[in-house]
Structure formats: structure tokens, C-alpha cells
Amino acid sequence: MKYQIKKLSINDFSVYEQNKLAGRSYFIPYKDKEKLLKQTVLTERYSSDRVTVLSGDWKFRYFEKISRLPTVIDTEGMSFDDIRVPSTWQRTGYENPCYLNTRYEFPMTLPNVPDEMSAGVYFKKFTIRDISNPIITFLGVCSSLTLYVNGKYVGYSEGSHNSAEFSLDGFVNEGENELLAIVSKWCNGTYLECQDMFRENGIFRDVYITENPSEYIFDFHAKTCEKSEGYSLEIDADVLGDSFSGKTVCAELMKNGKIISVKEAPAAYKINLDFGVLNVSTWTAETPELYTLVLSLKNGEEIMQCLKHNIGFKTVKIDGEKFFFNSRLIKFKGVNHHDTHEKTGYVMSGEDLLKDVLLMKKLNVNAVRTSHYPPDPILLYLCDEYGLYVIDEADIETHGTQHAENLRPTLKANIISNDKEWLPRYDDRVMRMYERDKNHPSIT
């Protein structure tokens, strides 16, 4: 199949995304509720009857110079290497590893990055069963992603550690399909990703396609609040579709597999399910008491879609320099955590993340800072479960400006952060982090 490659947006400061779906909470939907309830956070993503994880064997073509990228790519005629996704170019032999602390990898010419850099073309064939409302999710791509499906341009994304989701409605066919993804080494957004770490590139987290039914839950927000007699719990849900007749949304709150309370409402674009005040145990890092929310969209008695999520009840208050958690004074005894593996770099499996969490708990660590970006969502579920206070970060660090030439020292550190033209990019990254992670009790 042939692809007419449009001019990449990596140095177009007016564009940091095109056709991306709005930020929303991370969850893995199922159709089979009993199957869902049997899953752990380590298996849930890979066992769903509504999600196909595309990670695995892909085709890949590395270009040392992006100027050599063809304007027309013929996937039948182009020669590709075999590569494993997720992975990075620096850990698969295409480029040397590069560690930097406070500098950019290139001279500052704000807001542009060099015209010449490396790039990668990723190619994957996939099969889809239900083409009514498919969504493709990239959990991590550095630095920019330009996506095509079946010869058509789908969209563009920056923000390496935030999820990038696109609707594939109208792009896919029943049966076999193919996608082409172009990843650039740098883009305008790289100026916001100057973190003290190894600098790596590629599709470094899972890619998956969700096959949604005709109506489906797009997002939800679980809101808890301390009351004099307990804690309240409200669920706001966004449902998409054309026909809500006969359909309901059901929320079940469970503890150790036993249903504590159930709320149900007719399906609509915006739904509020109010559990009222509950007599529940509170969540802390030392006593991580969790409840399970099961949210289902039903057509009569038939479940069309269901999901589950951790619910923890907590109250955070700051009084001067004192930090109170559930009215008790606490101190953070924490560490920084990079999603980094000694062999695979940015790529960490669920088992790798669990190993890190268990090591923190063994060493009496009670808090973790996700330096310097949103982690793989699996880490947050593990922090909910095992008990770690989390400080979530938004992939916005610019201290490479300290080394800018021809600038007064007082201007250097904040030249980007004080420039309102960058505000939409900051806002996008912060809000996408918030929307993705808003329902986790561990986030403090």
C-alpha cells in the first residue's frame, strides 16, 4: 500500500496535536464481566475481549537523516528490519545511548529544533473484528508520532509520556488492516522534555486497539469526599453513542469480591451515580485499603462493556509546612522513579514495575515521585495496591535553557516557562496527565 507522506509538523509551532481524542482516564474495558474480575493489573491489558495489544513483532526502517524520508512510502516495496515494539532505537543498536542532565542534545533555536535528525518508520498489519467505534492507543512515543492507517493520514501527537489516542472510525475495514507510524527524534515539544536521564526514542510503551460497542463508556471520574459520618462517593461517566434507549449504566462497589453497594441510571451522554455516604476504611500507604468499582454499560440484562478500577478513600490537607493524610501528620520518605530498565531502557514490563514497587516497600519507602513524567499506568495501580504515596509529574522540564548562549542569566532558566506562547503545550500535558490518572487513590 502506498502512503503520501505529508510534511511533518515537528517544527510547526502552531501544531502539537492533530485529531487526538480528548484526555480521559486509563482503563481496559471488557465484555465478559466474570473474566474481568479474574484479572490482575498485570494481566488485565493483555486478556481483554475488547482490546487487542499490538505490541510484539513490527517492521521498522531507520533513517539516520530525516531528509532522506521518502515523500511516498510503498509498504510493499520498502525494505524493513524486524523490530520488537515497544523498544527504543538506543537499546536496539540503531543509535548509541545518550545520557544528559541539564542540556539539550542540540543548540537552542527556540522554538525550532534542527531540521536534520534521525527518524523511524514503523509498519504493522493487524486484524479487527468490530469496526464501529475503534480507538488506537499509544501509551508512549518519543518524540513525535505521525500516524497513517490503510493509506490515510490519521493524526499527529507530541508529549512523549502521555497517552495518544485516535479514533479509527472510517479508517479501518473488517479483517486485515495496516498502520504506518513515523517517529521523529525531536520536535518542538522536545524543549519541554529536558530531563536528567537517558534520552531515548521510539515507540517505548504498549500500543493497543479497543473495539468499542455501538454505545460505550468513554470516561469516568470517581469522586470521594470526607463527611462527618463517613465518605461519600460519586461517579461521573461520559457515554458515547447514538441510541441510549433501553440502556443503563450500573456502578457496583465491591470489597474482597463482595458487593457493598449498587447504583444504576439510564444511559446518557453525562451520568452521575451517587452512592451517598459510606462506612468505609481509609486508604494510606501503610494500610492500602482498596475497594473495587465495576462500571458496566448494559442493554437490558446484557453487558455491552464493563471496566474496573481501584477506589480508595482519603483526605489530604496541608497546614503551613505540615502534611496531613487522613488527619494524621505524615512525612514522605520517598524516591524518584524513572521508567528505566538496565537492558531495555524506557521499556518496562508490568513485572519490572512490580519488582521496583516491592523493593521500595522492602526498604521502607512510602512515597514515589514519577520523575519526570507520567509513568506507565500499571505503576499507579501497583502503588494503589501495595501502598505508596505518589507525586505525579507532567513531562514539562526545560532546564536546558540554562545553557542558552546570548541570553542574560536572569532570563535563561524561565525563558520558555514565562513565554505565554508555550502555554497551550503546558496546559495540554498537565491536563492529559490529570485526566489519565485522576482516579488513583495513591496520587497525593
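# Side-chain interactions in a predicted model

User: Which residues do ring pairs link into a cluster?

Analyst: The model is predicted, and a search of the whole structure finds 27 aromatic pairs in it. Ring pairs join one set of residues into a cluster: Phe 13, Tyr 104, Phe 106, Trp 186, Tyr 191 and Trp 422.

User: What is the geometry of the pair formed by the rings of Phe 13 and Trp 422?

Analyst: A pair of aromatic rings is described by the distance of the centres and the angle of the planes. For Phe 13 and Trp 422, the ring centres are 4.8 Å apart and the planes stand at 65 degrees. Planes over 60 degrees apart count as edge-to-face. The pair of Phe 13 and Trp 422 is therefore edge-to-face.

User: How many residues apart in sequence are the parts that Phe 13 and Trp 422 tie together?

Analyst: Phe 13 belongs to the loop between β1 (2-4) and β2 (17-18), while Trp 422 belongs to the loop between α5 (409-412) and α6 (423-437). Trp 422 counts as buried, at 3% relative accessibility. The two parts tied together by this pair are separated in sequence by 409 residues.

User: Is Tyr 94, the ring partner of Phe 60, buried, partly exposed or exposed?

Analyst: The rings of Phe 60 and Tyr 94 have centres 5.0 Å apart and planes at 75 degrees, so this pair is edge-to-face. Phe 60 lies in strand β4 (residues 56-63) and Tyr 94 in the loop between β6 (81-85) and β7 (99-100), 34 residues apart. Phe 60 counts as buried at 0% relative accessibility. Tyr 94 has a relative accessible area of 22%, which means that it is partly exposed.

User: Which element gives the most to the largest nonpolar core?

Analyst: The largest nonpolar core has 30 residues, and Val 121 and Leu 180 have the most contacts inside it. Two or more residues come from each of β8 (119-128) and β14 (175-184). With three residues, the element that gives the most is β8.

User: How many residues are in the other core, which includes Ile 235 and Leu 253?

Analyst: Val 121 touches, among others, Phe 60, Phe 63, Leu 69 and Leu 180. Apart from the core of Val 121 lies another one, with Ala 267 and Tyr 291 also among its members. Its size is 28 residues.

User: Which residue forms a salt bridge with Asp 376?

Analyst: The count of salt bridges comes to 25. In the bridge of Asp 376, the closest N and O atoms are 2.9 Å apart. The pair links the loop between β29 (367-369) and α4 (377-386) to helix α2 (residues 41-47), 331 residues apart, and both partners are buried. The partner of Asp 376 is Arg 45.

User: Which strands hold Asp 236 and Lys 223?

Analyst: The side chains of Asp 236 and Lys 223 meet in a salt bridge of 2.7 Å, N to O. The pair ties together parts 13 residues apart in sequence, because Asp 236 lies in β19 (residues 230-240) and Lys 223 in β18 (residues 216-227). Asp 236 counts as partly exposed at 23% relative accessibility, and Lys 223 likewise at 34%. The strands are β19 for Asp 236 and β18 for Lys 223.

User: Over the ring of which residue does the charged end of Lys 6 sit?

Analyst: Lys 255 lies over the face of Tyr 291, at 4.8 Å from the ring centre. The charged end of Lys 6 is 4.7 Å from the centre of another ring, that of Tyr 153.

Technical notes: Residues numbered from 1 in each chain as written. Predicted model: local features only at pLDDT ≥ 70, side-chain atom pairs only at ≥ 80, totals over all residues. Heavy atoms only, no water. Salt bridge = Lys/Arg side-chain N within 4 Å of Asp/Glu carboxyl O. Helix = DSSP H or I, 4+ residues; strand = E, 2+ residues; numbered from the N terminus. Buried < 20%, exposed > 50% of the residue type's maximum accessible area, 1.4 Å probe, protein only. Core = buried A, V, L, I, M, F, W, Y, C linked by side-chain atoms within 4.5 Å. Contact = heavy atoms within 4.5 Å. Phe/Tyr/Trp six-rings, centres within 6.5 Å; stacked < 30°, edge-to-face > 60°. Lys NZ or Arg CZ within 6 Å of the ring centre and 35° of its normal. Lists of a residue's contacts leave out its neighbours within four places in sequence.
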